[in-house]
Each structure stands twice: as structure tokens, then as C-alpha cells.
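Let's take a walk through this model, from the surface into the interior. Keep the structure open beside you as you read.

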Amino acid sequence: MDKTVSALLGKLSTELQDCLRLAEDTPLVNPYQQLSYRLLNAMKQGDVEGKALNEVIDELTLKAFLNRAERARAYLKETDRRKNRIRMRQSLERLVWDETGGKRPFDRFQAQLESDVAGIVITAHPTFGFSAAQYDILADLVDRRINKDEAGRKLKVASARPDEGLSLDYEFTEAEQALIQLQEAIAELYDIALEVAAEHYPDDWTQLTPRLTTAASWVGFDVDGRDDITWLKSVAFRYDMALRQVTRYLDHWDRISTKTGSQESRAEDPVRAALTIVYEILQEDRASLPDRPSEVVQVREFSRQVVRNRKEKGRVQDLMRDILDHLADRIAREGDQSLLRRLLVYRALFANFGIGLSHIHFRLNAVQLHNAIRPLVALEKDPDDASNRRRYMKAATRVLDHMTPVTAGYENILHEQTTAKRLFMIVAQFLKYIDPETPIRFLIAESDTPFTVLAALCYAKMFGVEDRVDISPLFETDEALERGARIIEELLENEHYYAYVKKRGRLCVQAGYSDAGRYLGQVAAGLGIERLRIKLACLWKKFDLDDVQLVIFDTGGESLGRGAHSDGFEGRLEYKHPLEARRLIRRLGISYKQEFSLQGGDGYLWLRRENLAFATLTRVMENLLASPVEENDRLYEDTDWSLDFFLTVKEYNTRLSGDPDYIKLLSLLGPEVSYPSGSRMTLRQDEGVLSRGLEKLSQIRAIPNNMLLHQLGYLANSIGGIGTALAQDGDAFWKTYDRSSRLRHIMKLVLAAADLTDEDVLGAYMALFRPRYWMHCARFEKDSSMHLRMLRLAKMLEKHGVYEGLNRIELKLREDLIFLKDKLKERKADKGEIHRAGLRLTGEDRTFYILLHVLRLALIQKIFLLVTRIPRFRDHKGVTVDDLVMQILRFQIPPALNMLREIFPMEAQYDIDPDNPEKITFRGDDAHGYEYENRVIFDEISSTYDQIRKISLAITAYVGAVG
């Protein structure tokens, strides 16, 4: 570390301790606000130069990055491939032995090995918080390929922010690489499974085609809340996934075929021949895709192309299975078990993945389905309206009664205006022309009524795909979680849905931790989703569903506020798929599959290297293949107390999320305080509206919502309401805590969030938006011009109008947090581990985390003071100087700066004709044009804003995820 940087960091650390002591003696002093004020003065007086400040930010970013790597390594617990192979084998050995210790018959072992118990879904919501180069360095640190010093050197030359151009194509490429690593890990899982089988079932193991886990992706197929994914984009991505997978099959086959002892030439090799035909057909199709989704002539030619090609393709998957079975029989007779195992792994991968890198998940919103089916059922009101609910259900049933499948083509897709019908047509085309066997999931967001699922089933039947599409409602709102089991029950009472589920052999439900977490609070969301799965399990016997698998896909993210428990993958799975629900599912004999998502760059980290991907899969298998231990958990016995606790937490967060003052708090720094982290839009509406803040929570998506809480140093949706619930009945809480592993596990998440929460950090940010703060600053400001600017800023912030609301919301949040801390202090005397359980930042890291906030507080004040120097101008395109000032105060800085540079343009350099008869002697100086305004005000705002966003990236590293 440079001496200047070290000295400045040391000085700031010492002053931080001084300010903390001052705050203890004078409770009205906010230590971080005080230190940021000192730093601002040092910057104004030139005692801290911009270069030194940049270097300190870089150093703190490195510290944050290294801390993130340490915690990621702890999250995986073990990354050594050899050790993980041993642990994976131990997990798979459990399938051999029954509860009494006896060896299971082969058919029961086979049934378990060929049933998928886990599913990993790759999604691409905007969590690409680092550049690809930074993620590579992070992955190498976690994998112990490089040390801290090497990481530091590499980070100096890597991009210091997320990559530019975070497009859907970028996300697809990243998702593709993640899927490839995951598939390699799955191949190794199957290799170990077959090794175990060969040892314990030497006469039968060659019959096995392991399954155990699936991989899926919705990147390029999720159109919920976005209109930038055209049908052509989805089709192109599906072809790309197919081509990449067939290429992988060919490459993998080349490594096997050289050892099979086959006498055939490459041209005569039946496996290679079949795969080559498929590849050529797919490649020709891909090359003939239209340039744009509206090109009618090109779409017609493309349709002819795919039909011509399919006449040659035949049933390649049946053919491949026959060929591989024949080869397996031959090699088994020859006795080469190692080669046979490789061939059987290959056969299993082909059976699991088909013609694609993964399974496909389409996703859309319930409203899109309602809009599509409106004419068929005369839908005029909300289908959940009590007076019309049964009528619409009956109308949908009548449609299903008389549904005759139709054939749709790409020309229909081109002209279809309703999203839902268009998506089902695309599903039909994928099954018809790319992979006729691998099922496709159809996820429906905001499924608050059974009618929505019946509407989807209507279109699945209309386009003849109901036997290969899994329709999955998403339950994420308070109402949906409360009614979810009843919605499924009503559906099972419908003859068409019941027949559909029995034929598919699975019933799929999606439960979301993102929106549920921010509206209900993460703890209430987790408990609500747990209640949902328990209620769903209770439907199995009632409806004779013994031959139906229950599939629950829990979407979330990598942050605490989105259900990523701090205690590693085991903790994450036990938080989402709790032991009590597992015990019930086991007692009822339900075939069950648990799916979860890995989202964006933060989620793909776990798959970025082979060792990491295999470690991730090992943790998943260790957890899901283990039988839950029977125990009496007080949380489920004392249901009166549990319900009161749940309702208190939920009601606190429901009130909070609907509080206009809370919206003001989230608007304080705005989504652009951090770098863009993905292609999906941050705001649902009012995007780009000048000088307008958020008006309701639904305008902003779950990820930026959480990100803003992270950046304010207060993880409200993870800890909110817990203190209030403890204050009401703390003694009963601790009695339950001592006898409930579930509640202890939940509290680990709460304490991890509390560890990253500091009410004084939040208070310091709020203070900057209070006119009173700037009036106090002006009172002691000796520079007369700066004194006047501070007074002007106070007036501007009064016009901003958030300060009164901030006062109110701060009191609510502080009270809840004080209640939580008080109860933890009571317990700390005899249960110190309770307080320590969630700690993730200690020693220097905690100091550095706070200093990042302090630096940013000073930089925000610097920008606010620069704003007061913007010159007045006449209205420009209907925009006033006050509009632009307000935009900057709301952290909508880039568009405001663009407009200012347009209003105050830099004068281009020009030459004077030396022979000009006017004998011109005037020459432009530094004030020529608006060079001064651009250099001294606008450029300074821009560079300071970039420093602020660098700090946001570092804070994200300490938190562990974007949103």
C-alpha cells in the first residue's frame, strides 16, 4: 500500500474512533456525519487531494473485494475437488441403504437415482455488479488459484466497474458459460453415482440412467416486465443453446470413441453421424433466421427451411438411445468398467439435457394471459372479482371441454399481438423443430387466481403441447401466499387440470422470495412460503397424487433480502426447504423436487470454475439427499405464539412498504447511485421522467429496492419487524428459540443482516437532505461565498421536500432496531453465540466498511455544493435550472449533466485568418465559451459521481450481492 494512502487511511481510522467516542459522550452527535463533515472541510481546504482520495477508494475497494472472496469461500465450505468427490460419494451411498441399515433392492435404488431431486435454474436479473474480469479474479481467489497479492495486481488492470453494454446478449453468454460448468459438474456427479452403483449392484448397474438434478435457464425467455425480448431473440437463443450442446456431445463423443475399440471410421461412426446431421440442420436453420422479427418474406422462407430439414432428421433421440444402449451392452461384455461408466454418463447427459444446454423456462405475467384469453371467456372484469370468479372458471372449463388442437407456425408468431399466445406458439415450435422430448416450464407471475392457470392450460391444449409443458403459477404476493394452496386445490377439483397433472406426473409451483421479501419482510416471506409448501403437501392424499411429483421452484437471489441465507448452501436450502416440511413430505411419501435459482453475475460466481461448480453441486446433493432428523420443534407446536410472531413481522413490513415516507427513503440516493448491473430496466414505470421521485414501491423492482437498502446501510426488509415482535413477548421468543432449530436458523439470517445495518449510517445519509443540517454548516462557514451556497442548498432541499418524511421514517426504523438490539443484549450474557451467529464483518473490515460510507457522505456533500454553482439560464426545452438541480439532488445525475452540457456547450477551438483585414487581436482564454462551467462544475460533478459509484461497488462487495 502506498505510504500516502496508508497515512490517510490511518488518519481516517483514528478520527473515526474519535468520533465514535464523541458520540458516546454526546448522543446527539452522529459519528459518521461528524467525520464526513471533517473530511469535506479537508477536501475544501486542499488537505485531501482528489488523487489521494481516489487511491484510498481503490484500496478500500480491494479490501472489500478480498473480504467478499473470503466469505464466498466460507459459503462453499470446501472447494477441493478430491475432497468433494469423497463427500459426494458419501451422500450417494445413502441411497444404497434403507432406514434399518439394510441394502435396498436394486429397483428402489434405481428409482431414487433416476428421480430428479434438485434443479438449478439460471436466471439473469441485473446482478452483474462486477466486470467479467473481476468475477474471474474473485472466482480464482475462492478456488485458491491465486493469492491476495496476485489478486491485487490483477484488479489494478481490470475494469473497476461492471462491463459496459450489459445487454441481453451479454447475459446470455454469461449464462451459457455457467450452464456449461454446471453440466460438467453434473457429469461428475453421475460418474460417482455409477461408481457407487457398480460396487453395490454389480449385476444391474449398467441399466442405470442417473438423473438426480436438472439444469434450466430463463435467460432470453423471461418476458415478465420487459418488452425487449422479441420472439426472434428467443428463437435465436434456443438455436444457439442447441448448437452449443450438440457441439459438446460431439467433442465428448470424440474423447470416448477413441477408447471404444470401434473399427468404424469417423464417417461411419453412428453416434457421430446422427449428431452431425442434427448439427447441420440446426446450423442451417439458425443461418436462415430473419434479420428482424417483422420481416414477412424472410419468416416465410425460414418456415419452409425448418419443414424441409425435419424430413431428414427423423427421430434422432430414439436412434441415439438405441445406438448408446447397443454400445453399452457391447462394452459391458468386454469388461472395461471405466470406459463403460464414461459411456453411461454420456447416455445420462443426453437423456437429461436433450438438444440443449439446459431445460427452458418461459415466464410471463398473469395479466398477459388474461389479455389473451379475454375474447374466449368474455372477460370484462378482474377474474378474481368475487361476483364473477366462478363464472370465469366455468367459462375456461367450457373452453377446455371443446378445445381442438390447432397447428401454428412462425407466420402466426410474427403477426400475433398477445404475448401469451405468441409464447405458447414458440413453445410448440421448439418442441416440433428442436427437441420434441425435453419438457418446457411455463412460469406465470402474479398467479392470484386458479383462472390464470386454466387460461394457460387452454393455450397449451390449443397448440397441442400440454403433454410436454409444465404450467407453474408463481406465488409471491401476500395474497397469493395466503391463498396459494387453495388455488391449487381448486385447480385439482377441475377435471381438466387434474387430468393434466396426472398425465404430466408432476405438479409445479414457483415461490418467490424477492417481491415477497420486500413487501412482507424476508422472515415473514420465508415463513409464509413454508406454510404454503406444508399446505400443498397435505393435498396429496386428498387427491390421490401418489404418482405425481411435487416440484417447488424457489426464486431468490444472492442477498439476504432475497432468501440467500448467510450460512452457506446448506443454510440456504434449509431456509427455503425447511426440515419440518421435509419431514412431512417424507412421511406422506411424496416424490419431491427442490429447485432454486442462481441469478446473474453474483449467482454465476458459484459456477465460474469447475471446482466451484462441483463444490456447489456437492453442497446441494449433501443437503437434499440427507434424510431429515425427526425432532419436536416448538415453532410448530406452539402455533398460537408462532402465528402472532409471523403476523407481527408481516404487518410491520406491510405497513412499512406502504408508507410514503419509506418510499422517500428509497428515493434518497436513487437506483443510479450504483453502476447499471444488467439489461432489465430498474423502474417499472416513470422511467426517465424529469425530477420525479418514486411514488409507490411497485414502481421499483426487487433487486434495486434491496440494493438501495444496502447502500443506505440499513437492511430493512431482512430485519424489519423482528425487534417489534421481540418487544411484545421477548420471554416467549427465547423459550421457543431454545427448542426450535427452525427459529434459530431464521435468526442467523436476521443477525447477518443486522451486522450490516447501522442506524447511524442511515441517519448520516438522511441528515444530508435536511435543510437544518446545511443551515448549521453555514453558521460556522467562514468563506462568505460558501456560506451563501450552503444557505441556497438549504432552500433547495426544503423544496425537495423529503426531510419531514425522513424524520418520521427514521424514528420507526430506529425504534424497531433498538428493540432488536436490546433483546439481543439481554441474551448476550448467557448466550454469546446468539449475538455472534450472524457476524460477518470484524476488526479492520468493519472499519473499512464504515469508512466507505463516510467517504461517500463527504462526496455527496461535495456534489450538493457544486450544484449551487450551476448558472441560471432561460428555460431550455421546457427545463429550468431548478428542474436540473432537483434531478441531481435525486441522483439522476447523468441525464442532468447531459442537459447541462447541451445548455452550456464547450466552444470549439478555431483559428483566426492572419490576413484578416480587421487585424483581430482577441484570443479566447479559459473563460471562452463555457469551458469554465464544464471543467469546474460539470466535470467535477461527473468525476465525484463516479467515485460515489465506485464506493457503491465496494459496499456491494461487503454485503455480498447486488440487491
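## Surface patches

Met 775, Leu 788 and Leu 791 come together as a nonpolar patch on the surface, and their accessible area adds up to about 280 Å². Before going further, a word of caution: this is a predicted model. Leu 788 sits in helix H38, which covers residues 784-800. How is Leu 788 classed, buried or exposed? Leu 788 counts as exposed because its relative accessibility is 56%, and the cut-off for that class is over 50%.

There's a charged patch to look at as well. Asp 640, Asp 644, Asp 729 and Asp 731 gather on the surface as a patch of negative charge. One of them, Asp 644, belongs to helix H29, residues 639-657. With a relative accessibility of 49%, Asp 644 is put down as partly exposed.

## Salt bridges

How many salt bridges does the count come to? The answer is 87. Here are three of them, with the closest N to O distance for each pair.

| Acidic residue | Basic residue | N to O distance |
|---|---|---|
| Asp 136 | Arg 608 | 2.8 Å |
| Asp 661 | Arg 808 | 2.7 Å |
| Glu 940 | Lys 862 | 2.6 Å |

Start with the top row, where Asp 136 and Arg 608 form a salt bridge at 2.8 Å. Asp 136 is in helix H6 (residues 132-142) and Arg 608 is in the loop between helix H26 (600-604) and helix H27 (610-624), so this pair ties together parts that lie 472 residues apart in sequence. The acid, Asp 136, is partly exposed with a relative accessible area of 27%, while Arg 608 is buried at 13%.

On to the next row, where the side chains of Asp 661 and Arg 808 meet at 2.7 Å. Asp 661 comes from helix H30 (residues 660-667) and Arg 808 from helix H39 (residues 803-828), so parts 147 residues apart in sequence are tied together here. In this pair Asp 661 is buried, with 6% relative accessibility, whereas Arg 808 is partly exposed at 42%.

Then there's the bridge between Glu 940 and Lys 862, with N and O atoms 2.6 Å apart. Glu 940 lies in helix H44 (residues 931-959) and Lys 862 in helix H41; the pair links distant parts of the chain, 78 residues apart. Glu 940 is partly exposed, at 28% relative accessibility.

Some bridges share partners. Through such sharing, Arg 81, Arg 85, Arg 89, Glu 93, Glu 188, Asp 191, Glu 195, Glu 199, Arg 341 and Glu 610 are joined into one network.

## A buried arginine without a partner

Which side chain of opposite charge is nearest to Arg 856? It is Asp 946, 12 Å away, and Arg 856 has no salt bridge although it is buried. A bridge would need the side-chain nitrogen to be within 4 Å of a carboxyl oxygen. You'll find Arg 856 in helix H41, residues 843-867. Neighbours within four places in sequence aside, its contacts are Leu 669, Val 673, Gln 711, Tyr 765, Ile 948, Ile 951, Ser 952 and Ile 955.

## Backbone oddities

Most residues other than glycine have a negative phi. Two loop residues are worth checking with that in mind. Leu 212 is not a glycine, yet its phi is positive, about 60 degrees. Its place is the loop between helix H8 (168-200) and strand S2 (213-217), and Leu 212 is buried, with 0% relative accessible area.

Glu 446 likewise has a positive phi of about 60 degrees without being a glycine. The loop that holds Glu 446 runs between strand S4 (440-445) and helix H18 (450-462). Glu 446 is partly exposed, at 44% relative accessible area.

## A look inside

Finish at Val 235, in helix H9 (residues 231-257). Val 235 is buried, its relative accessible area being 0%. What does Val 235 touch, leaving out residues up to four places away in sequence? Its contacts are Leu 289, Tyr 410, Ile 426 and Phe 430. Val 235 and Ile 426 are separated by 191 residues in sequence, but their C-alpha atoms are 7.6 Å apart in space.

Technical notes
Residues numbered from 1 in each chain as written. Predicted model: local features only at pLDDT ≥ 70, side-chain atom pairs only at ≥ 80, totals over all residues. Heavy atoms only, no water. Patch = residues over 30% accessible without salt bridge, like charges linked within 9 Å, V, L, I, M, F, W, Y side chains within 5 Å. Areas by Shrake-Rupley, 256 points an atom, 1.4 Å probe, with all protein chains shown as cover. Lys, Arg positive; Asp, Glu negative; His and termini not counted. Charge placed at Lys NZ, Arg CZ, Asp CG, Glu CD. Helix = DSSP H or I, 4+ residues; strand = E, 2+ residues; numbered from the N terminus. Buried < 20%, exposed > 50% of the residue type's maximum accessible area, 1.4 Å probe, protein only. Contact = heavy atoms within 4.5 Å.
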